[in-house]
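This report describes the ligand surroundings, the sheets, the nonpolar core and selected loop residues of one protein model. The sequence and structure are shown first.

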Amino acid sequence: MSRGDASPLAQADSARLRGQLGSDVEQHCMISTDFDEKGYEFVPDVFAESESASLASELETAATKSGGTRTLLRERWCRVLACTLRDRLSLIPSTHVAVQCTYFEKSAFRNWLVPIHQDLSIPVAERVGDESLSGWSEKEGAIFVQPPVSVLEALVAVRVHVDACAAEDGPIRVVPGSHRFGRIGAQQAPEIRRVRGEVVCEATVGSVLAMRPLLLHSSMKTSGASMRRVLHFVFGPAALPCGLEWRDAV
Ligand SMILES: O=C(O)CCC(=O)C(=O)O
């Protein structure tokens with residue numbers, strides 16, 4: 001679905017990306033309506049093979065050059081990609097801005113697991129005094145805070161799969177519908193998973209997993225052969241409450 005109301009930057013950048021990467025990328029993805037109910041949606045073939053190959057080569061240099069995994073939105077190619085995602089995925093509100101992109105690479109050489117959790121922190125420009133804010137922290141030179149739940153509920157995370165991710169490659173596992181419980185305590189999370197079950201999100205090259213950051217999720221170590229490269233974007237409303245401002249907004 002093409003968007004007439006995307007920002008001029010988004011339109012210009014998407015056009016540039018299409019120009020760079022060929023005409024086979026004109027497809028626009030229709031998103032089913034149960035995203036809000038389940039809290040996640042798998043969208044195949046968002047990127048053509050040639051585009052995924054271009055992304056892989058950007059990552060070879062950019063991931064090292066940026067010196068960190070959370071700073072990619074400061075790279076031009078990554079901002080272009082964020083605009084392209086907003087253009088192609090109708091579940092990202094057209095007025096939302098990209099606020100973060102984290103690079104995850106999981107392989108036999110860089111192996112890790114993540115216990116069940118929700119993503120509760122957002123990157124902001126500076127600290128402000130407001131008692132509805134908590135959990136201030138700093139990572140890779142950026143300030144993070146836990147905003148009110150209403151902010152977290154509005155966010156859309158988009159995981160771009162640069163490689164295929166099979167069950168043995170340490171895919172993310174999500175607990176359907178768990179984003180509807182607001183903030184979940186560490187003790188409640190395993191119980192909610194036991195009751196609701198979990199879905200293993202295998203993925204193909206060029207596919208996208210969209211999810212609400214409040215969705216309970218986890219992942220195991222890999223025992224497979226994939227590099228399992230994922231670009232994890234977060235999109236949010238342009239304006240924040242409590243005097244907060246985004247660190248980056250694309
Ligand atoms: O990519 C993964 O395996 C886990 C990522 C994750 O837990 C997160 O983004 O919060």
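## Ligand surroundings

The shell around the ligand is formed by Phe104, Val114, Asp119, Gly170, Ile172, His217, Ser219, Val230 and His232. Two elements each give two or more residues to this shell, namely strand S11 (217-219) and strand S12 (230-236). By character, the shell divides into 4 nonpolar residues, 4 polar residues and 1 charged residue. The model is a predicted one, and the values below are to be read accordingly.

## The two sheets

Strands of a sheet pair through backbone hydrogen bonds, in either the parallel or the antiparallel sense. In this model, an open sheet of 5 strands follows the order S1-S10-S7-S12-S2, and its pairing is antiparallel. Its edges are strand S1 (40-43) and strand S2 (97-104), each of which pairs on one side only. On average, and with direction ignored, neighbouring strands of this sheet are turned by 20 degrees against each other. Within the sheet, strand S7 (residues 156-161) is joined to strand S10 (residues 208-211) by 4 bridges in the antiparallel sense. Here valine 158 stands opposite alanine 210 of S10.

An open sheet of 4 strands, also with antiparallel pairing, has the order S3-S11-S8-S9. Strand S3 (114-117) and strand S9 (199-200) are its edge strands, each pairing on one side only. S3 and S11 run antiparallel and are joined by 2 bridges. Histidine 117 faces histidine 217 of S11 in this arrangement, and His217 is also one of the residues surrounding the ligand.

## The nonpolar core

The largest nonpolar core comprises 52 residues, and those with the most contacts inside it are Ala82, Ala98, Val158, Ala210, Phe233 and Phe235. Helix H4 (residues 76-88) makes the greatest contribution to this core, with 6 residues. Val158 and Ala210 thus appear among the residues with the most core contacts and stand opposite each other in the strand pairing. Once neighbours within four places in sequence are left aside, alanine 98 is in contact with Leu73, Ala82, Phe233, Phe235 and Val250.

## Loop residues

Three residues in loops are compared below by location and by the number of C-beta neighbours.

| Residue | Loop | C-beta neighbours inside 10 Å | Class |
|---|---|---|---|
| Aspartate 45 | between S1 and helix H3 (49-65) | 13 | partly exposed |
| Proline 171 | between S7 and strand S8 (172-174) | 24 | buried |
| Arginine 228 | between S11 and S12 | 25 | buried |

Most residues other than glycine have a negative phi. Aspartate 45 nevertheless has a positive phi, near 55 degrees, and arginine 228 has a positive phi of about 45 degrees. Why is arginine 228 counted as buried? Arginine 228 is classed as buried because it has 25 C-beta neighbours inside 10 Å, where the threshold is 20 or more. Aspartate 45, by contrast, has 13 such neighbours and therefore counts as partly exposed.

Proline 171 has a C-alpha atom separated by 5.9 Å from that of glutamate 202, although the two residues are 31 residues apart along the chain. Not counting residues up to four places away in sequence, proline 171 touches Cys165, Val200, Cys201, Glu202, Ala203 and Ser219. Of these contacts, Ser219 is also a member of the shell around the ligand.

Definitions and conventions: Residues are numbered from 1 along each chain as its sequence is written. This is a predicted model: local features need pLDDT of at least 70, side-chain atom pairs count only at pLDDT 80 or more; totals for chains, interfaces and linings use all residues. Two strands pair if DSSP finds at least two bridges between them. Axes are lines fitted to C-alpha atoms, for helices over the stretch in contact, and angles run from 0 to 180 degrees between N-to-C directions. A nonpolar core is a set of buried Ala, Val, Leu, Ile, Met, Phe, Trp, Tyr and Cys residues joined through C-beta atoms within 7 Å. A residue is buried if 20 or more other C-beta atoms lie within 10 Å of its own, exposed if 12 or fewer, and partly exposed in between; C-beta atoms are placed from the backbone. Two residues are in contact if their C-beta atoms, placed from the backbone, lie within 7 Å. A residue is near a molecule or strand if its C-beta atom, placed from the backbone, lies within 6 Å of it. Ala, Val, Leu, Ile, Met, Phe, Trp, Tyr, Cys and Pro count as nonpolar, Asp, Glu, Lys and Arg as charged, and the others, Gly among them, as polar.
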